Amino acid sequence: MLLRIESLSVHYDGAEALSDVSLTIPKGSIIALLGANGAGKTTLLRTISGLKSPTMGKIWFQDHRIENNPPEEIVKLGIAHCPEGRRVYPFMTVLENLQMGAYLRRDQSEIKRDLKMIYERFPVLKERTRQKAGTLSGGEQQMVAIARALMSNPRLLLMDEPSLGLSPIMVMEVARIIGEIQNTGLSVLLVEQNARMALETSNYAYVLEKGKVRLEGHSKEVANDDHVKKAYLGI
Ligand code: ATP
């Protein structure tokens, strides 16, 4: 197992945002995390990344307990976070944004190799390498955000709402890229309000409601669940 979360609870000033959440991510899998606004999805990603401390529970990444590790150590262990809202550095070029993704690495020749691979996978970023990231379209900025996360050479990529605000064509493109990322052996934890895209793209899914896991299962089964159909797929 790549990541294992056991009975995790997280509070903000006494208010419970996550309650007794358990979740596992096998190697090479795409796991979807569905839920309405305020369900706790972002909180879960921020807790895995070390940006928020849990009140209870354990997180294992490979053989390491990480729930009390600082964020930079978690990045070094191989977890990259692609935050909601694409937060690229707008006044830096595409290349500088990508280099920022590798700031904790010292393996210069491998960084070069990874940059080359990223440019092969995202040709539009190569074309725009010297352009300021803030001048790119929303879809292109999402590519920069994903590519920057990949530049830390992760084993696990946490993606927070990558399809938010994108056109239907760009949503399909993001789904395609997530599939490609999986083909390279990485795992992805995919937070999405676009439940249809998330269930089509993922192998397994968790539905979070009011900070608790309401339902989990293979994505095809979850897509056929009556509650999910009504509440998340509008069927
Ligand atoms: P969204 O899709 O709107 O981002 P979400 O499922 O990611 O929702 P979270 O952002 O994790 O949900 O929020 C879970 C709960 O924690 C909510 O009740 C929210 O109001 C609360 N919360 C989130 N961040 C903070 C914060 N910094 N301080 C206090 N409460 C917070």
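Good morning. I begin with strands β1 (residues 3–12) and β2 (residues 15–25), which pair in the antiparallel sense over seven bridges; two strands count as paired if DSSP finds at least two bridges between them. Arg-4 has Thr-24 in β2 as its bridge partner. The two strands form a hairpin with two residues between them, and Asp-13 in the turn takes a positive phi of about 45°.

The model is predicted, with local features requiring pLDDT of at least 70 and side-chain atom pairs pLDDT 80 or more, while totals for chains, interfaces and linings use all residues. Residues are numbered from 1 along each chain as its sequence is written, and side-chain values use heavy atoms, without hydrogens or water.

I turn next to helix α7. Helices (H or I, at least four residues) and strands (E, at least two) are DSSP runs, numbered from the N terminus. Helix α7 covers residues 168–183. Among its buried residues (under 20% relative accessible area, 1.4 Å probe, protein chains only) are Val-171, Val-174, Ile-178 and Ile-181. The buried residues of α7 fall within an arc of 160° seen down its axis, so they line one face of the helix; the arc is taken from the directions from the helix axis to the C-beta atoms. On the other side, Ile-169, Met-172 and Asn-183 are exposed, meaning over 50%. Just after α7, Gly-185 has a positive phi of about 100°.

Finally, the ligand. Which residues are closest to the ligand? Of the 13 that surround it (a heavy atom within 4 Å), the closest are Gly-38, Gly-40, Lys-41, Thr-42 and Thr-43. An N or O atom in the side chain of Thr-43 lies 2.5 Å from a ligand oxygen atom.

Methods. The expected span of a helix is 1.5 Å times one less than its number of residues. A polar contact is a pair of N or O atoms within 3.5 Å; within protein, one must be able to donate a hydrogen and the other to accept it, and residues adjacent in sequence count only if both atoms are side-chain atoms.
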